[in-house]
Amino acid sequence: MWKNYFKMAWRQAFKYKGYSLLNILGLAIGITSCLLILQYVAREWSYDTFHPKADNIYRLRLDSYQNGRLAYQSATVFPAFAPTMKEEMPEVVDACRLHDAEMVITNPENNVKFAEKKGYYADPSFLKMFGLELLYGTSAKALDGPDKILLSESMARRYFGQVEVLGRHLINKGQDLFQTYEVSGVFKDYPANSHLAIDYLVSYQTLGKVIRQVWGDTTNATETNWGWYDFYTYLELHPDTDVEQFREQLPSFVDKHINAPRRERGGSNTANAIDIIPLKDIHLYSNVNQEAEVNGSGWAVSVLFASAFFILLIAWVNYVNLATARSLERAREVGLRKVLGAGRRQLIGQFLLESFILNLTAFVLALGLVQLALPLFNSLLGQKLAFTLAGRPQFWAVALAVFAGGTLVAGLYPAFVLSGFRPLTVLRGQLKNASEGMLLRKGLIVFQFAASIALVVGTIVVFQQVRFMRQQNLGVNISQTLVLNGPTTVQDSLYEGRLQPFKNDIMNIPGVKSITASSYVPGDEIYWTNGVQWMRRDGQEALSSTVYTQGVDETFLEAYGLPLVAGRNFAPGRGTEEGSCLLNETAVGLLGFPSAVEAIGEQVRRGGDTLAVIGVTKDFHHLGLQKPIQPIIFLYRPNSRGYYSLRVEPAAGNMQSTIAAVQRQWYTHFPDDPFSYFFLNEFFGRQYQADVLFGKIFGFFALLAILVAALGLFGLSSYNVVQRTKEIGIRKVLGASVSGIVRLLSEDFLKLVGLAILVAIPVAWYVMEEWLQNFAFRISIGWWVFLLAGGLALLIAFLTVSVQSVKAALSDPVKALRYE
């Protein structure tokens, strides 16, 4: 029996080749789109899931409140949290801390050196908590004690040319530092799908040694400090811990150790709070200050995940629509089979088998299309997603679920409709298209185009917002700016004598227009923060607020085109500039000054220093437009060594020769420091990477969604023309024009697309408004966006339908009247 069903299903497929081709093509594109999107979504969801204890590890987040308002949230906290929470809170099984360990590392054996940024000072407990796999070395001892370093496989090869390097040594040479580290372990390259990028780990005790050596610290700050918030802190909670109950204990813990002692000291305008975020949620759901890496967007991933199934649903809807539209055509077959004794269950089985064959063909085609499209998709993403047909049980589980879902979801309704025909009614020729079936098909067309239009609206809004952020005036000029990472090995006593000659020689290079030294550059998150307070002359007490500190020389404002709105710039030679400061407009307002002009000449207290306000700069965007403008205080630091910013306009556009000339001067003045540089506009643009990526993916699959919907509409319009062939012939004989017939055949479909536009507009507006809430500076969604998306859908629908309509309108009416 099933063999007979199989033969009949294949005969149906080959008898109606156009119908079958449209279904297979639509389903294949839908499945391909779904699988490609799910590849990306699966990668985003996989972040940090490879850790054996991932379900029980949480990272602390610090919330700082000043004057009753939330001033900032930080991914880093105070170093005392980890040991104190482990000691006082029984739910905490273990805890570990990471602190940035940027340094210039040299192999004394061959003088190979690199400026390294992807490393941390780490507690010994990190290895156990995160399950770091050591290829060489012992986890229990690898980070126990000072002056020990663990290397990744790649880093070991970069410095030594091999992986077996236990017991060998590397040197960390800083401005006031010279340390020799013993290689105590080598670990497998850290997975890329982690919120941390780790090339090396230095023992945590080494950080304490550095602080004592450089700062002369005698307070054991890396263990007991409750004010230095530069430490990523992770807790391993007991598996049976009620996380919500644990959260409820955090306010009292913070009050006991931080807020209450601060109130006793008179610092009642500032309060702290902490929260925990699961390790597996950090990449997608944490976007606060001092994140270890640029994180993704959970909202965007969720939208893409939903879009994958919307596109698949659009393809399934095509199948349902075309199958039910052909119900009259197959009614006589069903009637005869029932008269000959076929039961409804047998008929349902036959029609499901037809659905199975079409879906199977589309599924196999989709697997091939995924393989072909993956390089293009990777190019679009700027990533390397792998796709193999073997060894991926998770992929096959999802793929088979999509296939089975398509077979059942797309096949069940047509099967029930077709098998439900009454044989007597069919054989008498009394069967007509039921109004319920027509209504369903119309509803499905509305759904298809509403989903497609919503995707197009989303694409337009995303690209608008990204374009707005990229083209918005930042308040500073970052174009044609070559930024050098400053030297770290030169001692302070020698640095000043090298800096000015270096600047002079750089300015003699053709094409270099200016050079300025600063602690930070736009796009580089400022970690240097302090409480700043206006020293009011009227005796009233002003409250302290957290302000971001930027050290600059006297040429910074001019080099970046940052204008003053009041006062003057730093001027070398006055002798008092290091006791002065500049504020930006946001800082002026935050500190309580009535205006920029009235702030000039006033004094502010920053930490233990009293500074005179000599100038106020216009506000500018130090970070991307996702974030509000920060309050910034500029200090006069002519010997800043964070970055050197060069404005370059090379002759004939020969940038490489200019860079080579800069490099020669670098090694003349800073021979012990690696030369590294970047272009500031590219560096700043990295902040928009996730949004640009989201827009590209969203736009690509929005077009595919419209294509699939158009294929279904083409099939329906073709079938509609066939059904109305005799009517068209009669109308032409009676004098109907070509345009009139085209309008007759098109208007019903266009009305449905118009209704889809009305359905899509509020949904798309709500979803994209939610997305735009993530940006401090954002666009407003204009009416023209919906007009454009709706007009595009109407145009595509009209062109799709009119292909068959015009063909029918131009046909010979005599042939039409002979039809049937």
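Is W784 buried, partly exposed or exposed? Read on to point 2 for that one; the overall picture comes along the way.

1. A quick orientation. What you have in front of you is a predicted model. The chain has 820 residues, and 53% of them count as buried. Its secondary structure comes to 27 helices and 24 strands. If you look at contacts with a separation of 6 or more, 80% of them are between residues 24 or more positions apart. As for the outside, about 36,300 Å² is exposed, with carbon and sulfur atoms supplying 57% of that area.

2. Back to the opening question. W784 counts as partly exposed, because its relative accessibility is 38% and the partly exposed class runs between 20% and 50%. You'll find W784 in helix α26, which covers residues 783–809. It has company there: W783, W784, L787 and L788 make up a nonpolar patch on the surface, and together they have about 490 Å² of accessible area.

3. Now the inside. Nonpolar side chains tend to be buried together in soluble globular proteins. Here the largest nonpolar core has 137 residues, and the members touching the most others are F81, M85 and F449. Helix α23 (residues 689–723) gives this core its largest share, with 15 residues. There is also a second, separate core of 28 residues, among them Y120, I198, Y232 and V288.

4. M85 is a good residue to click on. Leaving out residues up to four places away in sequence, M85 touches L60, V92, L235, F246, L250, F253 and I274.

5. Salt bridges next. The whole structure has 22 of them. Take R59 and E291 to begin with: their closest N and O atoms are 3.1 Å apart. R59 sits in strand β1 (residues 57–66) and E291 in the loop between α10 and α11, so this pair ties together parts that are 232 residues apart in sequence. Both partners are buried.

6. Strand β1 (residues 57–66) is worth a second look, with R61 and D63 as the next pair. Their side chains meet in a salt bridge, 2.9 Å from N to O. Which of the two is buried, and which is partly exposed? R61 is partly exposed, because its relative accessibility is 24%, whereas D63 is buried, with a relative accessible area of 5%. The two also belong to a network of salt bridges that links R61, D63, E244, R247 and D275.

7. For a pair with higher accessibility values listed, go to E102 and K117. Their closest N and O atoms are 3.6 Å apart, and they form a salt bridge. E102 is in the loop between β3 (92–100) and β4 (103–107), while K117 is in the loop between β5 (112–116) and β6 (119–122), 15 residues apart. E102 is exposed, at a relative accessible area of 51%, and K117 is partly exposed, at 42%.

8. Two backbone oddities to check. Which residues other than glycine have a positive phi near 60 degrees? D147 is one of them, with phi near 60 degrees. D147 falls in the loop between α5 (139–142) and β8 (148–152), and it is buried, with a relative accessible area of 17%. Q290 is another, with a positive phi of about 60 degrees although it is not a glycine. Q290 belongs to the loop between α10 (282–285) and α11 (298–325). Q290 is buried as well, at a relative accessible area of 3%.

9. On the cysteines: how many disulfides are there? The count comes to 0. Two cysteines to look at are C96, buried with a relative accessible area of 0%, and C581, which counts as buried at 0% relative accessibility.

10. One last pair, towards the end of the numbering. S739 and S805 are 66 residues apart along the chain, yet their C-alpha atoms are separated by 9.4 Å. S739 is part of helix α25 (residues 738–772). At 49% relative accessibility, S739 counts as partly exposed, because the exposed class needs over 50%.

Terms used. Residues numbered from 1 in each chain as written. Predicted model: local features only at pLDDT ≥ 70, side-chain atom pairs only at ≥ 80, totals over all residues. Heavy atoms only, no water. Patch = residues over 30% accessible without salt bridge, like charges linked within 9 Å, V, L, I, M, F, W, Y side chains within 5 Å. Areas by Shrake-Rupley, 256 points an atom, 1.4 Å probe, with all protein chains shown as cover. Salt bridge = Lys/Arg side-chain N within 4 Å of Asp/Glu carboxyl O. Helix = DSSP H or I, 4+ residues; strand = E, 2+ residues; numbered from the N terminus. Buried < 20%, exposed > 50% of the residue type's maximum accessible area, 1.4 Å probe, protein only. Core = buried A, V, L, I, M, F, W, Y, C linked by side-chain atoms within 4.5 Å. Contact = heavy atoms within 4.5 Å. Disulfide = S-S within 2.5 Å.
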